[in-house]
Amino acid sequence: MSIPVTWLYVPGDRPERFDKAMASGADVVIIDLEDAVDGSRKDAARENTVRRLADRPPAEAGPELHVRVNDLATARGRDDLGALAGLPGLDAVRLPKVDSPDDLALVDDTFGDQATPAHALLESARGLANADAIAAHPRVAGLALGEQDLTAALAIRLESAFDQIRLRVVLAAAAAGLDPVPMSIYPDIADTEGLRASCAHGRDLGMFGRTAIHPRQIPAIRAAFRPTAEEISRAREVVEAAERAGDRGVGAVALPDGRFVDAPVVSRARDILALADRIS
């Protein structure tokens with residue numbers, strides 16, 4: 001699967017929304033057993049989720065299906081994990097409040113030889129401090145930030161203060177060879193312009209894609225991460241120049257305006273064109 005652009009949360013205690021979420025156009029649907037579910041309904045949420053995964057057709061078209069479990073430091077979180085083990089419909093598990101690689105040991109113990117990947121949510125100072133080690137764990141397929149939890153844990157008041165944290169996690173993921181870090185949720189579903197501006201800022205920091213809490217946010221997120229017309233034009237110019245020079249074994253490619261670009265720039269240009277085609 002290509003790198004996801006949109007990740008949509010759906011509460012585990014609302015099974016009537018599962019199929020709607022799968023048809024929403026999101027690249028990944030995350031059934032949430034944690035924050036989106038009231039404590040009195042968590043058992044029902046787990047049962048709904050297990051049933052959906054157990055009944056999932058083997059070749060179901062559409063998005064990947066992930067599950068965010070409760071905190072693995074709690075019995076409920078550990079029971080969530082145990083209930084998911086062996087279910088064929090599960091594409092990945094999403095782990096909240098990961099503080100160290102030790103938290104991944106429980107996933108390994110529970111899933112055994114199953115190759116089910118894990119996405120680690122960093123939501124504490126300790127998790128951020130251990131970002132490199134967490135990212136390097138073989139079970140981890142991606143990192144994400146729980147910015148609302150971090151706001152409370154670190155008493156951050158300035159939005160700009162998060163930029164250092166975001167860059168820190170972007171670097172950890174890149175160093176471990178993981179996909180780019182998707183952005184955290186934007187809580188105001190009515191503020192489409194604010195969502196677009198926030199996505200543009202995250203993209204400038206090297207983040208890619210975003211989790212959504214409502215399907216109406218998906219088009220704005222996709223549009224925000226689609227390359228601009230200027231980026232597409234520039235990328236096409238680079239690729240065409242590389243193709244013209246392709247048979248001459250040239251290490252650097254000359255553009256019509258006299259600039260030279262090398263192989264990494266050409267590779268990036270091809271990625272931009274492919275992304276533009278995918279997010280049409």
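Which residues does the UniProt annotation "domain: HpcH/HpaI aldolase/citrate lyase" cover? The annotation, taken from an unreviewed entry, covers residues 7-215. The views below show a predicted model.

**View 1. The annotated domain, residues 7-215.** Over residues 7-215 the chain is 40% helix and 16% strand. The C-alpha atoms at the two ends of this stretch are 10 Å apart.

**View 2. The open sheet of seven strands.** The strands are arranged in the order 6-5-4-3-2-1-7, and their pairing is parallel. Strand 6 (140-145) and strand 7 (210-212) are the edge strands, each pairing on one side only. From one strand to the next, the twist averages 25 degrees.

**View 3. Strand 2 beside strand 3.** Strand 2 (residues 28-32) and strand 3 (residues 64-68) run parallel and are joined by five bridges. I30 has H66 in strand 3 as its bridge partner.

**View 4. Helix 8 on the sheet.** Helix 8 (residues 162-175) packs on the sheet, where it touches strand 5 (118-122) and strand 6. The direction of helix 8 makes about 175 degrees with that of strand 6.

**View 5. The surroundings of L8 in strand 1.** L8 lies in strand 1 (residues 6-11). L8 counts as buried because its relative accessibility is 2%, and buried means under 20%. Leaving aside residues up to four places away in sequence, L8 touches A21, S24, A26, V28, V29, I30, A212, I213, H214, P215 and I218. L8 and D27 are 19 residues apart along the chain, and their C-alpha atoms are separated by 8.0 Å.

Conventions
Residues are numbered from 1 along each chain as its sequence is written. This is a predicted model: local features need pLDDT of at least 70, side-chain atom pairs count only at pLDDT 80 or more; totals for chains, interfaces and linings use all residues. Side-chain values use heavy atoms; hydrogens and water are left out. Helices (H or I, at least four residues) and strands (E, at least two) are DSSP runs, numbered from the N terminus. Buried means under 20% relative accessible area, exposed over 50%, partly exposed in between (1.4 Å probe, protein chains only). Contact means heavy atoms within 4.5 Å. UniProt positions are given in the numbering used here, feature names are shortened, and annotations may be inferred rather than shown by experiment. Two strands pair if DSSP finds at least two bridges between them. Axes are lines fitted to C-alpha atoms, for helices over the stretch in contact, and angles run from 0 to 180 degrees between N-to-C directions.
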